[in-house]
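Colleague: Thanks for making time for me. Could you walk me through this model?

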Amino acid sequence: MRLLIVGTLEGYITAAGKIAMQRGAKVSHTDSIEGALNALRAAAGADLVMIDVKLDIATFIESLKAERITIPVVACGIGTDAAAAVKAIRAGAKEYIPLPPDAELIAAVLEAVAEESHAIVCQDPAMLATLRLADQVAPSDASVLITGESGTGKELMARYIHRKSRRSDAPFVAVNCAAIPENLLESELFGHEKGAFTGAVARRLGRFEEANGGTLLLDELSEMHPRLQAKLLRAIQEKEIDRIGSSQPVKVNVRLVATSNRNLENEVRAGNFREDLYFRLNVFSVAIPSLRERPADIPMIADHFLKKYAQANGLGEKRLSDDALLMLRAHHWRGNVRELENTMHRAVLLSKSETVGPDAIMLTSQLLAPEGSAQASIPTNSPVANPFAGPGGTVPQAPRGYGQPAPGYPTSYAPPPGHAAGAAAYGNAGAASGAPAVQGLVGRTVAEVERDLIIGTLSHCLGNRTHAANILGISIRTLRNKLKQYSEEGVPVPPPGSEERAAY
Ligand SMILES: Nc1ncnc2c1ncn2[C@@H]1O[C@H](COP(=O)(O)OP(=O)(O)OP(=O)(O)O)[C@@H](O)[C@H]1O
């Protein structure tokens, strides 16, 4: 939780900041509304703003809306000033905290904000039963293994367990073991001393030390290299870690929660995962059902994302029509909640009115349907079939660019229908302007063009991640994260090149 305090809080900044820090928040401060806007524009990052009621809260909240910065704002003022409190709430503040600050009240507000952004939305009996189990497990210090298919909410569940635990005031630290190359993961987890290896210019504490007193989530643990599994086992058994390059063990008090998309028992049987580590971590196991196994959650989660993306895009209230809801219920969801999230994000952007109808619901199967399939036979002039099509549903042929594979390269990694690179030209504005790099791109989102560029470059490099990242000018980690996201969205991703395969 990152808290930004704006103004003097009637002289109580230090007291309020101290309480928030004791509750695990990272606190920053600025004197003015302009300073706060600058900090938020510069992505300095905050999950909550606490602002002095004497400042112009209405202007501040209006500016946030105008710039589409979504962040809860809480006003603080001398407790007896009821008129100021009412004015602040009318201006859009979520809460009013009376000063002098009360530790319990600040803790409650911080917890409410944290819960709101990581809320598990559910009503299906299968998911409610899973939550009840998590409630039982949370208060103990035992390690928990959370299993479930990709995107079913494992990280949300880990956060939930932390919030409900006795450690909730201490940090929750998450490490994605799949997203960090093996040689860096060791230093990420255990830290290093200055000079421990080339590039270790200063001592750096690892995530174990950062999570001290709290919870450490090891996301996608099955991807951890066996050598590191041994070091992790030692850290769990001895409750101490060794920074790389140090001979002085450091005591740590961390509750471990691990997640895995793969069946860890099978991984143990296959010799890819240490059995002793598996039993250490699997004291409790929480299995999250996939979305297709909890259909009663679909309307509620759909509504949750509809509101979230309408607000994030500065659009007014949106609601699903009965037909649209029927369509969502009838769809065969593969299990990943992100599929429903992306569908609702698209629906928010495509729907023109307050009520979101079936024409704005573009299901992933329609985006991916191969030519000639039943789903691909949706009329091409339907906005559902291809929202990027030009008038009459025609999709002009793009010049061969990064969206299309170079001759001689595998064609199976060409963007799927509906993602055709450079395909949509709304009118001829791009061509007429004589800006060749932009031709064929107008009408597409930056995210789509970026995806096609990344997949096209990777295909060009025959799947070699290192070369592709160099050409693209991004880190290998960013590339990996993007590719993971695309696979989850159902976009085919070229497998690693032959030299890299051994390392993956
Ligand atoms: N019940 C839910 N209510 C609201 N949002 C949810 C729910 N389940 C999942 N999500 C959302 O779906 C996305 C994926 O969730 P999360 O990252 O927790 O899944 P995961 O199983 O850890 O994914 P991965 O397997 O990729 O690591 C997130 O945006 C999350 O907020």
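**Around the ligand**

Modeller: Happy to, and please keep in mind that this is a predicted model. By class, the shell around the ligand holds six nonpolar, eight polar and six charged residues.

Colleague: Which residues come nearest to the ligand?

Modeller: The shell around the ligand counts 20 residues. The elements α7, α13 (298–312) and α15 (337–350) each give two or more residues to that shell. Those that come nearest are Val-121, Gly-153, Lys-154, Glu-155 and Val-337.

**The two sheets**

Colleague: What is the strand order in the sheet that contains β1, and which strands stand at its edges?

Modeller: This open sheet has five strands with parallel pairing, in the order β2-β1-β3-β4-β5. A strand at the edge has a single partner, so one side of it is left without a neighbour in the sheet. The edge strands here are β2 (26–30) and β5 (95–99).

Colleague: Which residue stands opposite Val-49?

Modeller: Strand β3 (residues 48–52) pairs with strand β4 (residues 73–78) in the parallel sense, over four bridges. Opposite Val-49, in β4, stands Val-73.

Colleague: What angle does helix α1 make with β2?

Modeller: Helix α1 (residues 13–22) packs on this sheet and touches β1 (2–6), β2, β3 and β4. Its direction and that of β2 make an angle of about 155°.

Colleague: Which strands are at the edges of the sheet with the order β7-β10-β13-β6-β14?

Modeller: That is an open sheet of five strands with parallel pairing, and its twist averages 20° from one strand to the next. Two of its strands have a single partner each, so each has one side without a neighbour in the sheet. They are β7 (172–176) and β14 (284–287).

Colleague: What stands opposite Leu-216?

Modeller: Strands β10 (residues 215–219) and β13 (residues 255–260) pair in the parallel sense over four bridges. In β13, the residue opposite Leu-216 is Leu-256.

Colleague: Which strands does helix α7 touch?

Modeller: Helix α7 (residues 154–163) packs on the sheet, and its direction makes about 165° with that of β13. The strands it touches are β6, β7, β10, β13 and β14.

**A pair of helices**

Colleague: How are α19 and α20 oriented to each other, roughly parallel or roughly perpendicular?

Modeller: The axes of α19 (residues 465–472) and α20 (residues 476–488) come within 9 Å and cross at roughly 105°. An angle from 65 to 115 degrees counts as roughly perpendicular. The two helices, α19 and α20, are therefore roughly perpendicular.

Colleague: Which residues in α20 take part in that contact?

Modeller: From α19 come Arg-465, Thr-466, Ala-468, Ala-469 and Leu-472. The residues of this contact divide into five nonpolar, one polar and two charged. On the α20 side they are Ile-476, Leu-479 and Arg-480.

**Confidence**

Colleague: Which element has the lowest mean pLDDT?

Modeller: The mean pLDDT of the protein is 79, and 81% of its residues reach 70 or more. Among the elements, α6 has the highest mean, 96. The lowest, with a mean of 33, belongs to helix α17 (residues 429–433).

Colleague: Where does pLDDT stay under 50, with 121 contacts beyond four places in sequence?

Modeller: Where pLDDT is low, the predicted coordinates should not be read in detail. The model does have those 121 contacts, but pLDDT stays under 50 throughout the stretch in question, residues 368–436.

Key: Residues numbered from 1 in each chain as written. Predicted model: local features only at pLDDT ≥ 70, side-chain atom pairs only at ≥ 80, totals over all residues. Axes fitted to C-alpha atoms, helices over the stretch in contact; angles between N-to-C directions. Parallel < 35°, antiparallel > 145°, perpendicular 65-115°, else oblique. Contact = placed C-beta atoms within 7 Å. Nonpolar A, V, L, I, M, F, W, Y, C, P; charged D, E, K, R; others polar. Pairing = 2+ DSSP bridges. pLDDT = per-residue confidence, 0-100. Near = placed C-beta within 6 Å.
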